[in-house]
Amino acid sequence: MLKPTLTLNPNEFFALSFSPLAPLQRRLADALQHGSSLGLFLPAAAASTVSAVSLAISGGISLSLALATFLLVYSSYLIDHLADVGRFDGELDSDRGRSMARHQRIFAVCGVTAFLGALGITALEANLASVLLLLAFPLSVVLYGTEWFGRFTFGLLRYRRLKDIPGIKAFYTAFFWGLLMVYADCFLGGGGLPVLVFFFGYMLMSDFVNTVFCDFKDLHRDRADGVATLPLLLGVPQTFQLLRLANHFSVLWLCGFVAAGWVPVGLLGLALIHPYVSAVLGHGERGLAKGKLPGDAVMDAEFLLWLPCALLGFWLFSTLA
């Protein structure tokens with residue numbers, strides 16, 4: 001039986017992986033963990049992904065798009081976390097959950113303000129289609145994590161929340177992160193169908209790996225909450241095999257679109273992310289074998305790498321041209 005108090009945190013991962021630069025890596029790991037605990041890390045990572053989209057479409061970075069995305073993701077995950085406030089007792093409750101319980105009203109105001117900020121930026125800088133896409137995200141979170149889904153369906157589907165449907169979490173979450181790429185494309189005026197299909201599919205696979213891996217740290221909470229995630233349905237070995245397959249296929253997806261000339265060759269810089277993801281998967285699997293549940297900050301860092309890796313790819317191939 002895995003103990004929920006043991007987690008494979010960023011400090012352990014960096015110490016295991018890159019010991020010659022241990023002091024710098026410890027500071028980086030501390031920053032990752034601190035940003036994750038404040039709920040700021042994933043929104044920053046999302047801003048990095050849409051900036052890579054902007055680079056591919058326009059050759060530059062849209063600060064308006066990055067800021068709107070940061071605020072959107074921050075507000076969406078606040079809704080999700082607030083829906084779990086008071087749901088768990090004792091050691092199953094997280095530090096973030098306890099903090100939100102003490103300041104629930106403040107966090108609710110922050111979430112609403114952040115979403116209105118994202119909506120205002122989008123309305124001023126983009127178009128009506130982008131605004132309509134933006135509205136889908138908070139609605140998707142409400143249907144996923146609260147009992148409004150059961151109310152809308154009048155109980156006909158037997159599920160109070162979308163998350164109660166066995167195995168749906170990873171696919172549902174990955175779809176809406178893919179939709180975030182559609183939002184970015186629309187915000188920027190459109191980069192053409194091949195670019196849109198590429199980023200939607202690439203994010204779909206990337207976030208699928210991310211979401212399922214992060215489910216390992218919530219095994220006990222999900223079991224207690226009646227949420228049947230893929231790790232609970234498939235078991236640990238089969239789940240890691242599936243994640244490795246998805247990680248490999250996303251590389252083939254990237255290379256195929258570049259080889260066909262459908263997306264800029266500079267996006268090959270994103271291929272540098274996949275060895276990192278493989279390393280995180282390996283450490284996570286070994287940690288689970290020792291009774292340690294993997295944390296999510298190290299895997300979430302893959303999205304933060306999108307922009308620097310894309311910038312490196314565009315710089316390298318422009319230099320070689």
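Me: In this predicted model, how do the residues lining the second largest cavity divide into nonpolar, polar and charged?
Reply: The lining consists of Met205, Ser206, Val209, Ala246, Asn247, Ser250, His274, Val277 and Glu302. Met, Val and Ala count as nonpolar, and Glu counts as charged. The division is therefore four nonpolar, four polar and one charged.

Me: Which elements give two or more residues to the lining of the second largest cavity?
Reply: The lining of the second largest cavity includes Met205 and Ser206, Ala246 and Asn247, and His274 and Val277. Matched to the helix ranges, the elements are α10 (193-215), α13 (236-259) and α14 (273-289).

Me: What is the volume of the second largest cavity?
Reply: Rolling a probe the size of a water molecule over the atoms shows where empty space is left. The count is two cavities of 30 Å³ or more. The volume of the second largest cavity is about 30 Å³.

Me: Is serine 206, which helps line that cavity, buried or exposed?
Reply: Serine 206 belongs to helix α10. Outside its sequence neighbours up to four places away, serine 206 touches Glu302, Phe303 and Trp306. Its relative accessibility is 5%, and the limit for buried is under 20%, so serine 206 is buried.

Me: How far apart in space are serine 206 and leucine 243, C-alpha to C-alpha?
Reply: Along the sequence, serine 206 and leucine 243 are 37 residues apart. The distance between their C-alpha atoms is 9.5 Å.

Me: Which residues does valine 53 touch, not counting residues up to four places away in sequence?
Reply: Valine 53 sits in helix α3 (residues 41-58) and is buried, at 1% relative accessibility. One of its partners is Phe199, which is 146 residues away along the chain although the two C-alpha atoms are separated by 7.5 Å. The full list is Met181, Ala184, Asp185, Leu188 and Phe199.

Me: Among contacts between residues at least 6 apart in sequence, what percentage join residues at least 24 apart?
Reply: A contact here needs heavy atoms within 4.5 Å. Among contacts between residues at least 6 apart in sequence, the part joining residues at least 24 apart is 73%.

Me: Is alanine 108 buried or partly exposed?
Reply: Alanine 108 is placed in helix α6 (residues 104-125). In space its C-alpha is 8.8 Å from that of serine 75, and the two are 33 residues apart in sequence. Because its relative accessibility of 33% falls between the 20% and 50% limits, alanine 108 is partly exposed.

Me: How many disulfides does the structure hold?
Reply: A disulfide is a covalent bond between the sulfur atoms of two cysteines. Cysteine 255 is partly exposed at 34% relative accessibility, whereas cysteine 309 is buried at 10%. To count, a pair of cysteine sulfur atoms must be within 2.5 Å. The number of disulfides in the structure is zero.

Me: What share of the accessible surface belongs to carbon and sulfur atoms?
Reply: The chain has 16 helices and two strands, and 50% of its 321 residues count as buried. Its accessible surface comes to about 14900 Å². The share belonging to carbon and sulfur atoms is 69%.

Methods
Residues are numbered from 1 along each chain as its sequence is written. This is a predicted model: local features need pLDDT of at least 70, side-chain atom pairs count only at pLDDT 80 or more; totals for chains, interfaces and linings use all residues. Side-chain values use heavy atoms; hydrogens and water are left out. Helices (H or I, at least four residues) and strands (E, at least two) are DSSP runs, numbered from the N terminus. Buried means under 20% relative accessible area, exposed over 50%, partly exposed in between (1.4 Å probe, protein chains only). Accessible areas come from the Shrake-Rupley method with a 1.4 Å probe; for residues, only the protein chains shown count as cover. On a 1 Å grid over the protein atoms alone, a cavity is a set of points where a 1.4 Å probe fits but cannot get out, and a pocket is an open set with protein on both sides within 12 Å along at least five of seven lines; lining residues have an atom within 4 Å of a point. Grid points are joined across faces, edges and corners, and a volume is the space filled by probe spheres set on the points.
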